[in-house]
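Me: I am new to this one. Please show it to me, and then I will ask about it piece by piece.

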Amino acid sequence: MKDKIDFSLVKTLLGKQRDERRSAYRKGNFDAVGFFLRLILVALFVAVFVIFFGRFMSIYFSIRTRGLLNVRDRLYEALTVSYMVIVISLTVGGVGSMIRELFLADDIKLFSAMPVGPRSLFVAKLISIYRKQLLLSIVTVLAVNITVYLNVPAEAMGYLMPKGPWFYWGMTVLFCFVLPMVSIAIASLLALPYYAIRQFLQNRYALMFIIVTALTALAFYAYAVVLGAVKEMLLGDDLKYFFNESVMHGIGVAVYYLVPGKWLARFLLNRGMLENGLLMLAVLIVCAVIALLIIRSIMVRALQARISGGAHFMYPKRYIGDPRPQFGALIRKEFVQIFRTPSYMFSYFSIAVIMPLMVYFCMEVASSLVTKLIGYNFNLELALFLTLLFSALTNVFCSTNISREGPMFYSVKALPVSYRQVISSKIVFCLFVSLASEFITAVVLFGAGYVPVSAAAFVFLIGVVFSFAQICFATRYDFNHARFSTEDDGEIKESGSTVSTIIVLGMLLAFLIGGSVLLIKLLYTLRSAGASSAGYLTYAIVGGITLVATALSCFYLVFRLRRKYYEFSGGGLM
Amino acid sequence: MKGPEEVLRIRGLYKKYAKNADWAVKNVSFNCYAGEIVGLLGHNGAGKSTTLKCLEGMLPYERGEISICGYDIKRQPMDAKRNMGFVTDNHAVFLKMTGIQYVTFMADVYKVPEDLRVRRLAQLESVFQLGDAINNLVSSYSHGMRQKVCMMGSLIHHPKLWILDEPMTGLDPRTMRAVQDFMRKYASMGNSIIFSSHALNTVAHLCDRVVLIRKGKQINDINVKHIIAMNPNFDFEEYFLSHEGQD
């Protein structure tokens with residue numbers, strides 16, 4: 001049978017996806033905390049972006065090349081780079097969504113046994129991905145175009161709106177809809193090689209860990225560079241001197257190769273509108289055709305791999321292991337389960353490894369910024385704040401301590417191990433990871449000269465105690481609200497309200513402790529009181545709040561735990 | 001004269017899943033003696049798996065008493081659990097472990113000494129025939145292979161009571177036969193086996209006794225071996241269907 005796109009089938013498939021989406025918002029399924037957290041984060045991101053991008057734009061427009069102002073070229077460069085960043089972000093998200101929707105979604109298996117052609121399924125899934133991308137596109141394109149509009153000098157408005165405001169705002173709306181199409185078209189081509197790499201790394205856990213950790217570290221380094229530029233911007237005109245003749249020449253050359261961002265910017269600024277519009281259209285059509293042609297083979301191969309249980313990777317022959325204590329066996333089980341599940345490995349081990357780097361990068365920016373702005377050294381307070389903040393984010397993983405066990409939680413219940421051993425093995429394992437991460441962070445802070453050895457030891461101690469409190473709380477909270485995965489591989493694919501709650505609480509506590517010590521130090525500094533008094537108060541406040549939080553968390557963890565454990569029938573499977 | 005050793009004792013077991021729900025298990029009572037194979041029969045949703053989960057300690061129950069080798073599952077859970085091995089209906093195994101890692105984990109949890117675990121693994125490998133696949137990740141296993149590794153893990157400590165929920169599901173005929181032979185051999189060593197199943201022929205040929213459950217209520221406890229010995233033409237399927245349908 002020829003595989004044609006059946007649009008009535010596509011409509012049915014979209015209806016099914018809509019129903020599934022709606023069920024996520026029904027009472028009992030709706031993650032209100034996560035929803036509002038995401039909303040706040042997006043609002044915060046947009047606000048910060050508009051402020052800093054606006055400031056950057058006004059500096060960038062005032063740059064002179066060969067002694068002359070050239071707002072027209074600056075506009076073109078800024079818009080090209082901005083659209084390119086949006087397209088890349090959407091493409092990265094698109095590849096991820098495509099892998100999830102086309103290769104990993106459970107319904108694919110079901111559809112393979114139904115008269116649903118791969119092309120119809122592909123189109124339905126693409127439309128669903130497009131819907132998701134559209135939201136992000138609207139937020140980012142509007143943020144960029146509004147900020148550019150607000151910051152372009154009045155005399156250069158003609159360069160921005162060569163055909164009048166209606167054209168500029170009309171094109172802004174059009175770009176919101178077109179950018180996801182471009183990114184999805186590119187993503188559909190990249191999905192296959194990405195999937196091949198994923199399959200290759202599937203059972204090579206150590207290699208995957210190294211690659212993923214290195215890439216994340218690199219991403220954070222890039223983030224630190226951006227933060228550094230933000231700092232320069234806040235501190236004065238240093239940034240303006242950074243964009244000298246050779247840098248501007250380099251930007252000009254780079255912009256030439258930044259397609260399709262270049263085409264979009266040229267289209268908007270009326271620099272060869274027809275030519276660039278046609279180029280965009282051609283790219284869209286070519287990508288769509290290639291994607292439709294190759295998707296059948298991709299999906300069939302992916303499906304066969306899933307039905308046969310994934311790649312049959314031969315492990316070296318092993319014999320039954322030497323006896324180890326029950327507690328050791330439980331700890332080892334925790335490690336194996338996390339290390340061999342790529343998403344868990346990334347969210348916990350990679351983040352824990354990178355945490356010292358994140359603290360260091362942020363410290364580098366914040367320390368000099370605060371010293372320059374206030375004139376005093378706030379390193380201890382900043383080190384505490386950043387360490388607690390990043391620990392809180394790392395330990396969020398512990399909010400799946402029970403849920404990720406899945407149906408095996410019941411099997412473990414039937415084993416001759418006490419509830420104390422089961423729960424404490426999870427806590428000790430997480431604490432060990434946290435301990436290593438906090439120790440390296442303290443060493444880095446001391447090694448980089450931000451804090452003396454005594455302060456580094458204090459940061460380490462508080463970090464560990466704070467982590468212990470969060471791990472205990474998160475574990476019990478997850479126990480009370482456990483939701484086991486019903487996926488074939490038992491993996492938790494979407495974070496629920498438990499994760500959102502632990503993120504919010506962890507960050508609130510980190511802000512409470514970090515914020516209060518920063519505030520106290522600031523007040524002491526403004527009053528010109530002795531720095532040592534502020535230091536003692538810092539130790540007292542941080543120690544006090546952390547100990548109280550730890551005591552409360554421990555109480556929450558153990559309160560009626562025995563009864564709860566033996567009476568447990570949650571998780572949604574029984 | 002001392003009678004056969006009582007391995008499992010269930011008295012007046014009541015279990016419900018929610019406060020206002022109907023009883024999932026209502027007044028179930030039976031014993032299981034050393035050397036005996038007991039089958040638990042009933043239609044889908046009759047309460048077989050719930051009964052087994054209660055006696056494994058997986059699920060709490062409202063009323064009743066369960067003791068394994070004289071140890072009460074509520075008051076002395078560790079001692080009771082040390083004397084049993086279980087195979088769940090969903091073949092729950094740690095998917096990210098290899099087969100051998102899973103068996104090692106179970107051996108560690110049941111504190112099986114080194115020499116015994118090596119010897120028992122060799123015995124179990126000859127029964128379940130996983131071959132080199134035991135070195136692969138459990139996530140790559142078929143349902144039948146998961147079932148096999150689950151059985152191996154449940155037997156590594158040589159439990160006095162072996163509990164199996166739908167053990168034959170997903171097994172190939174050769175393994176099914178091997179498992180049945182092994183069950184007989186295992187029971188003849190003075191151990192006790194209780195399992196739930198829908199396969200009436202398997203139950204009739206394998207079990208010494210059968211407990212019939214309907215809508216959570218125990219409706220009969222019959223000595224199959226005795227009945228078949230008395231009446232070689234006894235049609236177990238007919239018997240089950242007539243009793244299972246009765247109110």
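Reply: Strands (E, at least two residues) and helices (H or I, at least four) are DSSP runs, numbered from the N terminus. Two strands pair if DSSP finds at least two bridges between them. The model is predicted, so local features need pLDDT of at least 70 and side-chain atom pairs count only at pLDDT 80 or more, while totals for chains, interfaces and linings use all residues. Residues are numbered from 1 along each chain as its sequence is written, while chains are lettered from A and ligands numbered from 1 in the order in which they are written.

Me: Which residue is the bridge partner of Leu8(B) in E4(B)?
Reply: Strand E1 (residues 6–15) of chain B runs antiparallel to strand E4 (residues 63–68) of chain B. Five bridges join them. In E4(B), Leu8(B) is partnered by Ile68(B).

Me: Which residue in the turn between E4(B) and E5(B) has a positive phi?
Reply: E4(B) also pairs with strand E5 (residues 71–72) of chain B, antiparallel, over two bridges. Ser67(B) stands opposite Asp72(B) there. The two strands form a hairpin with two residues between them. A positive phi of about 50° belongs to Cys69(B).

Me: In which sense do E3(B) and E9(B) pair?
Reply: Strand E3 (residues 37–41) of chain B and strand E9 (residues 209–214) of chain B share four bridges. Leu40(B) has Val211(B) as its partner in E9(B). The sense of this pairing is parallel.

Me: What phi does Lys215(B) have?
Reply: Six bridges join E9(B) to strand E10 (residues 217–223) of chain B, and the two run antiparallel. Arg209(B) has Asn223(B) as its bridge partner in E10(B). These strands form a hairpin with two residues between them. Lys215(B) sits in the turn, and its positive phi is about 45°.

Me: How many helices and how many strands does chain B have?
Reply: The C-alpha trace of chain B spans about 50 × 45 × 45 Å along its principal axes. Its elements number nine helices and ten strands.

Me: Why does the radius of gyration of chain B agree with a compact globule?
Reply: The radius is taken over C-alpha atoms, and the globule rule is 2.2 Å times the number of residues to the power 0.38. With 247 residues, that gives a value near 18 Å. The two agree because chain B has 18 Å.

Me: How many residues of H3(B) are buried?
Reply: A residue is buried if 20 or more other C-beta atoms, placed from the backbone, lie within 10 Å of its own (12 or fewer is exposed, in between partly exposed). In chain B, 51% of the 247 residues count as buried. H3(B) is mostly covered, and its buried residues include Gly99(B), Tyr102(B) and Val109(B). Of its eleven residues, the buried count is eleven.

Me: Which helix gives the largest share of the largest nonpolar core?
Reply: A nonpolar core is a set of buried Ala, Val, Leu, Ile, Met, Phe, Trp, Tyr and Cys residues joined through C-beta atoms within 7 Å. The largest one has 93 residues, and Tyr102(B) and Val138(B) are among the members that touch the most others. Seven of its residues come from the helix at residues 99–109 of chain B, which is H3.

Me: Which helix of chain A helps to cover the buried residues of H3(B)?
Reply: Helix H4 (114–128) and helix H5 (143–155) of chain B are part of the cover. Chain A adds H13.

Me: How many residues of chain B are in contact with chain A?
Reply: Two residues are in contact if their C-beta atoms, placed from the backbone, lie within 7 Å. Chain A brings 35 residues to the meeting of the chains. Of these, H13(A) gives the most, with five. On the other side, the residues of chain B number 39.

Me: How far apart are the C-alpha centres of domain 1 and domain 2 of chain A?
Reply: The domain bounds come from an automatic or database domain assignment. Domain 1 covers 33–202 + 254–307, and domain 2 covers 326–573. The contact takes four residues from domain 1 and eight residues from domain 2. Their C-alpha centres are separated by 35 Å.

Me: Is Arg119(A) buried or exposed?
Reply: Arg119(A) lies in helix H5 (residues 118–151) of chain A. Because it has 20 C-beta neighbours inside 10 Å, Arg119(A) counts as buried.
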